[in-house]
Amino acid sequence: MKLSFSPEDEAFRREVADWLKENLRGEFEQLKFRGGPGDEHMFAEERQRWEQKLAEGGWTCVGWPKEHGGRGCSIEQQVIFHEEYARAGAPGRVGHIGEGLAGPTIIAFGSEAQQKKYLPGILAGTELWCQGYSEPGAGSDLANVKTRARFDEAKGKWILNGQKVWTSLAQESDYCFVIARTDPESKGHKGLGFFLVSMHQPGIEVRGIQQITGTSEFNEVFFDDAECDAEDIVGQPGDGWKVAMGLLGFERGVSTLGQQMQFQNELNEIVRIAKENGAAQNPAIRQRIAQAHTELKIMRYNSMRMLSGQSGSDGSLQKEALIYKLFWATWHRSLGELAMDVLGPESQILEAAPYELSRLQSMYLFVRSDTIYGGTNEIQRNIIAERGLGMPREPRPA
Amino acid sequence: MDFTFTDDQQLFCESVRDFLQAEVTPESVREGWDSASGRNETLWQQLVEMGLTGMLVPESHGGMGMSELDFVLLAQECGRVALPEPLVETALVAVPLLANLAEKDPRCASLLEKIAAGETRVAIGHAANNLVSDAHIADWLLLPKGDQVHLLASDQVGLTAQQSIDPSRRLFSVEWHGDDETRLASGAEGVSLLAASLNRGALGAAAQLLGLAEAMVEMTVRYTEERHQFGRPVGANQALKHLMANCAVKSEFAKAPLYRAAYTLSESPSHADFAVSHAKVAAGEAALLAAKNCIQAHGAMGYTWECNLHIFMKRAWALDKFWGHAGFHKNRLHQWLMNPNAKIGADKTFGVQG
């Protein structure tokens, strides 16, 4: 065990900090601390230009291997990059689904042709991705997907029909990775395929879903004879579930580091307000702030510990990773409540009409969804109990 | 000892509930979000005709001469439908304040008659809230300044609208200058009137919070029967049953302190702080837990604007912070508990504040 960074890593830290200081200004100044949870729809274009700025400096996909165009950063350096990124107040990444999910999946499971076709756009920040998993009838029961993919011999293409829902950033995205049923007779996690689908085609329609924040980060995506090239299925027809589960491993890996830094910024903001408006005088509030701090540190330490022990990059889940979603989502939801209690009666007054929320109000409302998306708390507890502890499985209909 | 409501109280509550359930629907609440005033004058006149605005107006001034205890169940029903109209603040808070001054001030006596008849609307401010709700439709405003209570006509004040997290609420900061003419009370009398207003406001908020909590649980239980995953209703899962059961326990156990507070406020209004604070804390916890667990049980649907759940969640979040937030009321409770004269012994179950 060695809980410190080497002189080389500290030099890397200065390099990141200097670059951000040099570049996060001018037209990008307005993006500081924007684009976080509940604010993801803001400055979409400007943030994509920022993504490209990062790419120019070689700061996208820092954890990807060099042979795939990444920076090949060690875990330590990725940690440092995320710390400095958050400390500088750099904005939420519009490219995170490509960088954190699509890219690593294509690297791990994709063909060489797919890697050549898709990785450069992610690296350059020019092509954005979204995730086509959930459906109206397939939320917690993800294996119940009904979207169908049929191979059209004449066209030499896959033809997709169905509907996805809760798709973040769909309206901004160039591509979507989609799980769809390749074998119409199949049920559950068998007979699925994992497809890389262009969003720019007549067979796809995106409709925003208005949320309780009044904004529409999430979307419905309709596939009506949408086309996907024969070579854009990842793995074989029937491999979809395996690929999708591998991807979930990435979702709970390094990408959590940036999220925790975002959390740290939110907690700092709450502490600042508590000091300013006197809420910090209240012992009950002080204790909750201390509690929030200690739990955030637990997440942080646990991530480091988990990442230190991670061998291989097949995305396989370790036991520690199983507990993470439940912990952060529940923590974040409580942080929203703490924020509102620190603000007191002021918390119910918005910035302006119509329905313009402050950063913390947005956060408060948005975090109500944290314990739901990506596997609800209830599903997470079942996973911990059944897969982590080996307890008997919930009864499931055949 | 009898900890129940009378048949008359329950029958009246049922008829009000039936009326509100029929007239105040999620659709009608949403219509209000998009209208300038956010209020429905026809509905208000129907509430007037049922005698609701005049419930606590003395009979000598054209009202029903009833008490907080008679009104508390109705306030709960207002919460159950997320009624946007300011019935609770008018009937339960503004009216008793005016009634206390009616003997010595003919303006107050006249306002009471007009409120009961539906001819006048009165909004009430309090230091606990900063903002005044429904000031835009009020003909008169009751406003505090230190230990003084003033009465101003709508053309004597300047209003600035403030957007609430609950799209049904209409909140205003009020700019005004009182003088000898507008002053209704001051000194010890003013302090005592304002303290009583705070307690009535908090009681009304607590009752609505409880109604909101029950409404949220009811609609969520229905949803978990309809929504299927893994080939069965999601409500068949123990995890969701437990979420709802925890809400039911909180709500059911918030009723006793709520009704006790209504009783104490009716019988012994100057000794009711602790009982009211207990009710507000318990009902606030029940409503916030219901908001949290119900959105969870709804899954992603509960997070959409289209789903009716947020009508109730946002009202709960707003009312929990109005008329004293949980921290304020817990402070009052512990200050009372630590008081050497506090009547908290084994034989003081129904003891009132010293």
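This section describes the domains, strands, cores and chain contacts of a predicted model with chains A and B.

Chain A is divided by the domain assignment into domain 1 (7-94), domain 2 (129-238) and domain 3 (252-388). Between the C-alpha centres of domain 1 of chain A and domain 3 of chain A the distance is 21 Å. These two domains touch through 13 residues from domain 1 of chain A and 16 residues from domain 3 of chain A. On the side of domain 1 of chain A that touches domain 3 of chain A, six residues are nonpolar, five are polar and two are charged.

For chain B, annotation is available from UniProt. An unreviewed entry there lists "domain: Acyl-CoA dehydrogenase/oxidase N-terminal" for residues 6-118 of chain B. In the model, residues 6-118 of chain B are 66% helix and 0% strand, and 28 Å separates the C-alpha atoms at the two ends of this stretch. The feature "domain: Acyl-CoA dehydrogenase/oxidase C-terminal", also from an unreviewed entry in UniProt, is placed at residues 189-335 of chain B. Residues 189-335 of chain B are 80% helix and 3% strand, with the end C-alpha atoms 23 Å apart.

Several strand pairings of chain A involve strand β4 (residues 175-181) of chain A, in which seven of seven residues are buried. Burial extends to both faces of β4(A). One side carries A:Y175, A:F177, A:I179 and A:R181, and the other carries A:C176, A:V178 and A:A180, all of them buried. Strand β1 (residues 129-132) of chain A pairs with β4(A) in the parallel sense, over four bridges. Within β4(A), A:C176 stands opposite A:C130. The pairing of β4(A) with strand β5 (residues 192-198) of chain A is antiparallel and has seven bridges. Here A:C176 has A:V197 of β5(A) as its bridge partner.

A hairpin of chain A is formed by strand β2 (residues 148-152) and strand β3 (residues 157-165), which pair in the antiparallel sense over five bridges. A:R148 is bridged to A:N161 in β3(A). Four residues lie between the strands of the hairpin of β2(A) and β3(A), where A:G156 takes a positive phi near 70°.

In chain B, an open sheet of three strands follows the order β2-β6-β5 with antiparallel pairing. Its edge strands, β2 (132-133) and β5 (158-162) of chain B, each pair on one side only. β5(B) runs antiparallel to strand β6 (residues 171-175) of chain B, and five bridges join the two. One of the bridged residues is B:A161, whose partner in β6(B) is B:F172.

The largest nonpolar core comprises 138 residues, and the residues with the most contacts inside it are B:L209, B:M216 and B:L258. Domain 2 (129-238) and domain 3 (252-388) of chain A both contribute residues to this core, so the core lies between them. Leaving out residues up to four places away in sequence, B:L258 touches B:V72, B:A206, B:A207, B:L210, B:A279 and B:A283. Another core, which lies apart from the largest one, has 57 residues, including A:I107, A:I122, A:L192 and A:A244.

Helix α8 (residues 238-267) of chain B contains B:A254. B:A254 counts as buried because 27 other C-beta atoms lie within 10 Å of its own, where 20 or more are required. Not counting neighbours within four places in sequence, B:A254 is in contact with B:L210, B:A282, B:A283 and B:A286. A further residue, B:K280, is 26 residues from B:A254 along the chain, and the C-alpha atoms of the two are separated by 8.9 Å. B:L210 and B:A283 are among the contacts of B:A254 and also among those of B:L258.

Between the chains, 33 residues of chain A are in contact with 30 residues of chain B. On the side of chain A that touches chain B, helix α11 (residues 377-388) of chain A gives the most, with three residues. By class, this side of chain A has 13 nonpolar, 14 polar and six charged residues.

Terms used:
Residues numbered from 1 in each chain as written. Chains lettered and ligands numbered in written order. Predicted model: local features only at pLDDT ≥ 70, side-chain atom pairs only at ≥ 80, totals over all residues. Pairing = 2+ DSSP bridges. Contact = placed C-beta atoms within 7 Å. Nonpolar A, V, L, I, M, F, W, Y, C, P; charged D, E, K, R; others polar. Domains from an automatic or database assignment. UniProt positions renumbered as here; feature names shortened; annotations may be inferred. Buried ≥ 20, exposed ≤ 12 C-beta atoms within 10 Å, placed from the backbone. Core = buried A, V, L, I, M, F, W, Y, C linked by C-beta atoms within 7 Å.
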